[in-house]
Amino acid sequence: MVRDLSVTLSGVQLDNPVIPASGTYGFGQEFTPYYDINILGSLSFKGTTREARYGNPTPRIAECKAGMLNSVGLQNPGVDHVVAHELPELRKIFHKPIVANISGFSVADYVEAVEKLTNEEQVAILEINISCPNVHNGGMAFGTSPEAAAEVTRAVKQVATKPVYMKLSPNVTDIVSIARACEDAGADGLSMINTLLGMRIDIRRRKPVLANVAGGYSGPGIFPVAVRMVYQVTGAVQIPVIGMGGITTAEDVIEMMMAGAKAVQVGAANLADPYACKRIIEDLPRVMEKLGIEKLSDIQRV
């Protein structure tokens, strides 16, 4: 029996639910030597801001048990360069809908980047990263307050012509209230979770491993946290959720979908194994057969 891996996100049809997470796959070029990236369901490209950013000082990546820390600092060439150069190059190698990941440090930042990316033909979903510090509000991340999250959602929805998915931070007390605020403000969907805040100390040098002291913790160690948060949120909102956080196997994909996710993103695994997404996609039919699942889209939240 042929297993049906297809899923739909806000009317966008994907051949399968596996999407490389933003910041772990560049603009696709780095992975083309390994396999045909058109096996992917979609691709969330590197987080893009209004202006080019050089990112944080090094060292800004550190391995640790069951994952990694990163404090890259949203290094990217800026939205104008992405539109003029990166997306035309990506179109040559990837022929499916893509997810545009957008970051900002003010509401105006988000709006301008959305205005420039929403009309790009290949862009099917706008993924708004609200884990960024709000420079006009003391540096508190937009995603840590329902009011701030809703403000960004409303602003980008006014200029967006594509579905808007708000990418939520797990570094909050009550992620459900933030998810509901985004839904009430018009979000078409949610992506979650972004990285957990973590830190390591080099005991020989007696100083933090990362130059920025703390960074985002990702990898298999955060998977149970991600499953729990996705489950909580999908029980509280009506809009679709893309689940992510420590996914490394086809079994993880099924588990995340049983928590309520309609699709998934694979992040840190790509950095440890460039074949991670390909391996997961190719293994999904086997796991579906073992579990008696004919269509992934039929999976119900447990």
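**Close-up 1. Thr153 is buried in this predicted model, with a relative accessible area of 0%.** Look for Thr153 in helix α3. Leaving out residues up to four places away in sequence, Thr153 touches Met166, Cys182, Ala185, Gly186 and Ala187. Buried here means under 20% relative accessible area, so a value of 0% puts Thr153 in that class.

**Close-up 2. Helix α3 covers residues 146-157.** Does the length of α3 agree or disagree with what you'd expect for a helix of 12 residues? At 1.5 Å a residue the helix should span 16 Å, and its end C-alpha atoms are 16 Å apart, so the two agree. Thr153 has company: the buried residues of α3 are Ala148, Ala149, Ala150, Val152, Thr153, Ala155 and Val156. And what covers them? The cover includes two helices, α2 (107-117) and α4 (175-184), along with the strands β7 (123-129) and β8 (164-167).

**Close-up 3. Here's the largest nonpolar core, made up of 97 residues.** Leu126, Ile128, Ile130, Met166, Leu168 and Leu190 have the most contacts inside this core. Helix α8 (residues 276-291) supplies the largest share of the core, seven residues. Met166 may ring a bell, as Thr153 touches it too.

**Close-up 4. Zooming in on Leu168, one of the residues with the most contacts inside the largest nonpolar core.** Set aside the neighbours within four places in sequence, and Leu168 is in contact with Ile130, Ser131, Ile175, Ile178, Ala179, Cys182, Leu190, Ser191, Met192, Ile193 and Asn194. Cys182 turns up again here, having already appeared among the residues that Thr153 touches.

**Close-up 5. The largest cavity has a volume of about 40 Å³.** Rolling a probe the size of a water molecule over the atoms shows where empty space is left. How many cavities of 30 Å³ or more does a search of the whole structure find? Just one. The elements giving two or more residues to the lining of the largest cavity are β2 (12-14), β6 (98-102) and β7. Its lining consists of Leu9, Val12, Leu14, Ile19, Ser42, Pro97, Ile98, Val99, Ala124 and Ile125. By type, that lining splits into nine nonpolar residues, one polar and no charged.

**Close-up 6. The second largest pocket holds about 270 Å³ of space.** There are 17 residues lining this pocket, and those closest to its centre are Met257, Gly260, Ala261, Lys262 and Ile299. What mix of residues does the lining have? Nine are nonpolar, six are polar and two are charged.

**Close-up 7. Ser71 sits in the loop between β5 (67-70) and α1 (79-93).** Is this loop residue buried or exposed? Ser71 has 5% relative accessibility, so it counts as buried. With neighbours within four places in sequence left aside, its contacts are Asn56, Arg60, Leu210, Asn212, Ala214 and Gly215.

**Close-up 8. Ser218 belongs to strand β13 (residues 215-218).** At 12% relative accessibility, Ser218 counts as buried. Not counting residues up to four places away in sequence, Ser218 touches Ala66, Gly67, Met68, Thr195 and Ala268. To get a feel for distances, pick out Lys162 as well: Ser218 and Lys162 are 56 residues apart along the chain, and their C-alpha atoms are separated by 28 Å.

Conventions:
Residues are numbered from 1 along each chain as its sequence is written. This is a predicted model: local features need pLDDT of at least 70, side-chain atom pairs count only at pLDDT 80 or more; totals for chains, interfaces and linings use all residues. Side-chain values use heavy atoms; hydrogens and water are left out. A nonpolar core is a set of buried Ala, Val, Leu, Ile, Met, Phe, Trp, Tyr and Cys residues joined through side-chain atoms within 4.5 Å. Buried means under 20% relative accessible area, exposed over 50%, partly exposed in between (1.4 Å probe, protein chains only). Helices (H or I, at least four residues) and strands (E, at least two) are DSSP runs, numbered from the N terminus. Contact means heavy atoms within 4.5 Å. On a 1 Å grid over the protein atoms alone, a cavity is a set of points where a 1.4 Å probe fits but cannot get out, and a pocket is an open set with protein on both sides within 12 Å along at least five of seven lines; lining residues have an atom within 4 Å of a point. Grid points are joined across faces, edges and corners, and a volume is the space filled by probe spheres set on the points. Ala, Val, Leu, Ile, Met, Phe, Trp, Tyr, Cys and Pro count as nonpolar, Asp, Glu, Lys and Arg as charged, and the others, Gly among them, as polar. The expected span of a helix is 1.5 Å times one less than its number of residues.
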